Amino acid sequence: MKDYLIGTVLLAIGLLLIVIARPNKSGQHPFFLRFEQSSVLYPPIVMVFLVTGAAELITAFLGITR
């Protein structure tokens, strides 16, 4: 049961990070994404949450123990 919860929370955090990073209606990005370093660091951070959450859910569904 704990694996399902952890996987769901990690996926939710990843999706929330994607929604937060979307530009507004005038096409401006959020303040924290206007710097050059953020375009290098932000996508891997989002991918870590999404991939880890998906892997956690897959292992929970298949019943694989660690």
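1. In this predicted model, helix H1, which covers residues 2-20, and helix H2, which covers residues 36-62, have axes that come within 8 Å of each other and cross at roughly 155°. Because angles over 145 degrees count as roughly antiparallel, H1 and H2 are therefore described as roughly antiparallel to each other.

2. The crossing of H1 past H2 is left-handed. If the residues that make up the contact of H1 with H2 are sorted by character, 18 of them are nonpolar, five are polar and two are charged.

3. It may help to keep a general tendency in mind here, namely that in soluble globular proteins nonpolar side chains tend to be buried together. In this model, the largest nonpolar core is made up of six residues, which are Leu17, Ala21, Leu33, Tyr42, Val46 and Leu50. Helix H2 gives the most to this core, contributing three residues.

4. Leu33, which is one of the residues of that core, can be followed a little further through its contacts. When its neighbours within four places in sequence are left aside, Leu33 is in contact with Ala21, Ser38 and Tyr42, and of these partners Ala21 and Tyr42 are also listed in the largest nonpolar core.

5. Is Ala55, a residue of helix H2, buried, partly exposed or exposed? Its relative accessibility is 39%, and since partly exposed lies between the limits of 20% and 50%, Ala55 counts as partly exposed. The C-alpha atoms of Ala55 and Gly7 are separated by 7.5 Å, although these two residues lie 48 residues apart along the chain.

Terms used: Residues numbered from 1 in each chain as written. Predicted model: local features only at pLDDT ≥ 70, side-chain atom pairs only at ≥ 80, totals over all residues. Heavy atoms only, no water. Axes fitted to C-alpha atoms, helices over the stretch in contact; angles between N-to-C directions. Helix = DSSP H or I, 4+ residues; strand = E, 2+ residues; numbered from the N terminus. Parallel < 35°, antiparallel > 145°, perpendicular 65-115°, else oblique. Left-handed = near helix turned anticlockwise from the far one by under 90°. Nonpolar A, V, L, I, M, F, W, Y, C, P; charged D, E, K, R; others polar. Core = buried A, V, L, I, M, F, W, Y, C linked by side-chain atoms within 4.5 Å. Buried < 20%, exposed > 50% of the residue type's maximum accessible area, 1.4 Å probe, protein only. Contact = heavy atoms within 4.5 Å.
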